[in-house]
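I sat down with this one to see how its pieces fit together. These are my notes, in the order I looked things up.

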Amino acid sequence: MDPQINGVPKIFLFLLLPAIIIQISTALPTKHQSSSPSNTQINSNSVLVALLDSHYTELAELVEKALLLPTLEAAVNRHNITVFAPRNEALERDLDPEFKRFLLEPRNLRSLQTLLLFHIVPARVDSPNSAESTQHKTLSNHRVKLTNSGSGEVLVDSAKVVRLNDVVRPDGVIHGIERMLVPRSVEEDFNRRRSLRSISAVLPEGAPEVDPRTHRLKAPAPAVPAGAPPVLPIFDAMAPGPSLAPAPAPGPGGPHGHFDGEAQVKDFIQTLLHYGGYNELADILVNLTSLATEMGRLVSEGYVLTVLAPNDEAMAKLATERLSEAGAAEQIVYYHLIPEYQTEESMYNAVRRFGKVRYDTLRLPHKVMAEEADGSVRFGSGDGSAYLFDPDIYTDGRISVQGIDGVLFPAEEAATSVTEAKPVAKLVAKPRRGKLLEVACGMLGAVGQESHFTSCQ
């Protein structure tokens, strides 16, 4: 055996053979690379981009919901396409709401995809020139018939083309049609689901009764015609049957503690602090008094409260002496607590309807008056009034917090504070003489002797 081939040693050829094979394999394209369309990108001038940016917004939204964008991209990469696009009015108003609900259900995704692909032909279809009808296969493997009526109208199956060649691009065309095309398979699927839904509710029937004398099943009672007297006597119908007693409703006295008043009070105070502008009232409730604990106990026992919360600006105008007195802070806050659940809307409706409304407060027996003023609710009257400034700061069904721009006082205290603010002039009254002494001085004056009596001077 010759150890050389054309002057080249064989061992050298064996060493070069793997490198030559690798170089040839990389130079030749594989079958997967030549057939896969994922390497090509959609051009900005594509008909698919034009569809998503066109005035057929309802159809474009359905295409996105049906997850058909990758399928349409692959179709555009392979060949031209033709889209028969229904106008928005056909999908918004003309489409049956029950059928549209059926299409948008996640379990009916396949039906939605079939319906949309029925409107796309994987070829460029221009308007027919002759009156002969032509059939075209769609991406849903169904066929549509395109006809020219001769009077200028073009029909796709039974739908009229209202915008011929509405969008024209190098890789496809869009024709606007008057209504949606529904293939027979989607229509059958819809009718099948609708019939199953109609028979899914089974009418309840009573259990068969056994005759205690013969131990046989009783024959069903005949149907009572309309308007006939009832079969069961009225006294038997009113008699209580062997029914179960209703379960007790969960309440504040139950073992589970249905109302957690302390947590709700903490929640509304925390909301006041986060809302901002009500730190003074939160400080009074938590640090200066034990009112937060009392409010939590009330809510736990099932009561509801509406808090008229003065803001920090209103509390700053309050004199320091009013808060320094023993029990003054509690009395002020009590007057701002209404044992009702009121919102801004309910109070405004009440004052608009009844004019002036008096709400009970926890400072018995005083009440706070509310009336409509300047499109809002005003509490109190005169200089001591306050407007509803921040409505519905906190509303959880048990506690309602309404921000106001002033501190309220009962009418008696408001009048007293105003009187104390004004200087009072001292009046010195003359001693009043008795009636008998006045008559005596008059008689003495007639004779000129009243000067002898000091009481008459």
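**Starting at one strand**

I began with E12 and strand E13 (residues 337–338), which pair in the antiparallel sense over two bridges. For the pairing I used the rule that DSSP must find at least two bridges between two strands. The element names are DSSP runs numbered from the N terminus, with helices (H or I) of at least four residues and strands (E) of at least two. I looked for a partner of Val307 and found Leu337 of E13 opposite Val307.

Before going further I noted what I was looking at: this is a predicted model, where local features need pLDDT of at least 70 and side-chain atom pairs count only at pLDDT 80 or more, while totals for chains, interfaces and linings use all residues. Residues are numbered from 1 along each chain as its sequence is written, and side-chain values use heavy atoms, with hydrogens and water left out.

**More on E12**

Next I checked the pairing of E12 with strand E18 (residues 399–404), and it is parallel, over six bridges. Thr306 has Ser400 as its bridge partner in E18.

Is E12 buried or exposed? Six of the six residues of E12 (residues 305–310) are buried, so the strand is largely enclosed by the rest of the structure. Buried here means under 20% relative accessible area, exposed means over 50%, and partly exposed is in between (1.4 Å probe, protein chains only). I then looked at the two faces: Leu305, Val307 and Ala309 are buried on one side, and Thr306, Leu308 and Pro310 are buried on the other. I reminded myself that in a regular strand the side chains alternate between the two faces of the sheet.

**The sheet around it**

I followed the neighbours and got an open sheet of seven strands with mixed pairing, in the order E13-E12-E18-E17-E16-E15-E14. E13 and strand E14 (356–360) are at the edges with a single partner strand each, so one side of each has no neighbour in the sheet. Inside that order, strand E16 (residues 376–379) and strand E17 (residues 386–395) run antiparallel and are joined by two bridges. Phe379 has Ala386 of E17 opposite.

Two loops made me stop. Pro365 is in the loop between E14 and strand E15 (367–373), and the peptide bond from Leu364 to Pro365 is cis, with omega near -5°. Asp374 sits in the loop between E15 and E16. The phi of Asp374 is near 55°, which is positive in a residue other than glycine. Asp374 is also exposed, at a relative accessible area of 73%.

**A second sheet**

I found another open sheet of seven strands, ordered E4-E3-E9-E8-E7-E6-E5, again with mixed pairing. Its edges are strand E4 (120–121) and strand E5 (134–137), each with a single partner strand, so one side of each is left without a neighbour in the sheet.

Strand E8 (residues 159–169) and strand E9 (residues 172–177) pair antiparallel over five bridges, and Arg169 has Gly172 as its bridge partner in E9. Asn165 is in strand E8, and its phi is near 55°, a positive value in a residue other than glycine. I looked up how open Asn165 is and got 33% relative accessibility, which counts as partly exposed.

In strand E7 (residues 154–156) I picked Leu155. Leu155 counts as partly exposed at 24% relative accessibility. Leaving aside neighbours within four places in sequence, Leu155 is in contact (heavy atoms within 4.5 Å) with Lys145, Leu146, Thr147 and Lys160.

**A helix pair**

How do H4 and H8 cross? The axes of helix H4 (residues 57–65) and helix H8 (residues 109–117) come within 10 Å and cross at roughly 135°. The contact is made by Leu59, Leu62, Val63 and Lys65 of H4 with Leu109, Leu112 and Leu116 of H8. I noted that axes are lines fitted to C-alpha atoms, for helices over the stretch in contact, with angles from 0 to 180 degrees between N-to-C directions. H8 is mostly covered, with seven of its nine residues buried, including Ser111, Gln113 and Leu117.

**Whole chain**

Last, I wrote down the totals: 19 helices and 18 strands, and buried residues making up 32% of the 457 residues.
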